[in-house]
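Student: I've got this model open and I'd like to talk it through with you. Can we start with how the strands pair up?

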Amino acid sequence: MKARTTCILFLALAAVLPAAVEVTRFGTGARISSFGIPNALLDLALFEHPRLSGSAFSFEIHSYGEKGPRSVFSGVYCLEYSRISGEGYYRVESYNNRFFGSGEITQLNLTATILMHAFPGSPIHPYIGGGIGIGSMSIWAEGSYQDELGTTIRDSLNKKLFVPVGHVPIGVMVNIRDKFLLRAEAGFKNGFYFGGSAVVNF
């Protein structure tokens, strides 16, 4: 009798008490962006150069606070590959020979970024963030010029180095039932970018 009474009591409490709400704490996603370096920044390193533009592809892991995707702060860990290229005239200094050719810069970087969300409880809301990381950069260029005698001289540059990475994103997020996130984002990550991403939370 006592066991039956205890069982009935547990069933009654289970019916009255609210069920525990499962909070999504992590997510994975991908971002595709147009990517480029403004001429004003290239002017700091090269006296003459063509316009460089390209694209970036990112794989992201998201982490959320106690309220899941509706938290004020969230973290994004990102592995990104970017490539920009251009063709035209190059000169490092004004007194250097004027090369005509093509070149490209590729980067593979890993960053950790904190996002701060305004009105995170709203299905559509803006956010801004800041992050740091490290990256591997490869610079390749090949071109030719003519000397005073009219002889064509060919030269190339191939350089690899590790560089620090700074990340400043700003964007708008669409939260679909805390399970899916859609983002339109612009920012700076060793170059300026604009693109979109999709995130699946679990």
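Tutor: Sure, and keep in mind that this is a predicted model. Strand β2, residues 53–64, and strand β3, residues 73–90, are linked by twelve bridges and run antiparallel.

Student: Which residue of β3 does F57 stand opposite?
Tutor: F57 belongs to the β2 stretch, residues 53–64, which is bridged to β3. Another pair from these two strands is S58 with E80. For F57, the residue across in β3 is Y81.

Student: On to the other pairing of β2: how many bridges join β1 to β2?
Tutor: Strand β1 covers residues 26–36, and its pairing with β2 is antiparallel. One place to look is S33, which stands opposite A56 in β2. The number of bridges joining β1 to β2 is eleven.

Student: What do the eight strands close into?
Tutor: Reading from the N terminus, the elements go α-β-α-β-β-β-β-β-β-β, with two helices and eight strands in the chain. The strands follow the order β1-β2-β3-β4-β5-β6-β7-β8 with antiparallel pairing, and what they close into is a barrel.

Student: And by how many degrees are neighbouring strands of this sheet turned against each other on average?
Tutor: The strands in question are the eight that form the barrel. Ignoring direction, the average turn between neighbours is 20°.

Student: Let's look at the packing. Which residues touch the most other members of the largest nonpolar core?
Tutor: In general, nonpolar side chains tend to be buried together in soluble globular proteins. The largest core here has 13 residues, and β3, β4 (99–117) and β5 (124–146) each give it at least two. A second, separate core has seven residues, among them Y64, L115, Y127 and V199. In the largest core, the ones touching the most other members are F35, I37, L52, I84 and I105.

Student: Take I84 from that list. Which residues is I84 in contact with, leaving aside neighbours within four places in sequence?
Tutor: Some of its contacts are fellow core residues: F35, I37, L52 and I105 are listed with I84 among those touching the most other members. S53 also touches I84. The full set for I84 is F35, G36, I37, L52, S53, G54, G103, E104 and I105.

Student: Is S53 buried, exposed or partly exposed?
Tutor: S53 is in strand β2 and touches F35, G36, R83, I84 and S85, if you skip residues up to four places away. S53 and G36 are 17 residues apart in sequence, with 4.3 Å between their C-alpha atoms. Since its relative accessible area is 40%, S53 counts as partly exposed.

Student: How about Y145: buried or exposed?
Tutor: Y145 sits in strand β5. Beyond four places in sequence, Y145 touches N97, R98, F99, T151, T152 and I153. Because the relative accessible area of Y145 is 17%, and the cut-off is under 20%, Y145 is buried.

Student: Last one: over which residues does pLDDT stay under 50?
Tutor: The chain as a whole has a mean pLDDT of 88, and 90% of its residues reach 70 or more. The stretch you're after has zero contacts in the model beyond four places in sequence. By contrast with that stretch, contacts across the chain with a separation of 6 or more come 61% from residues 24 or more positions apart. The stretch with pLDDT under 50 is residues 13–20.

Notes. Residues numbered from 1 in each chain as written. Predicted model: local features only at pLDDT ≥ 70, side-chain atom pairs only at ≥ 80, totals over all residues. Heavy atoms only, no water. Helix = DSSP H or I, 4+ residues; strand = E, 2+ residues; numbered from the N terminus. Contact = heavy atoms within 4.5 Å. pLDDT = per-residue confidence, 0-100. Pairing = 2+ DSSP bridges. Axes fitted to C-alpha atoms, helices over the stretch in contact; angles between N-to-C directions. Core = buried A, V, L, I, M, F, W, Y, C linked by side-chain atoms within 4.5 Å. Buried < 20%, exposed > 50% of the residue type's maximum accessible area, 1.4 Å probe, protein only.
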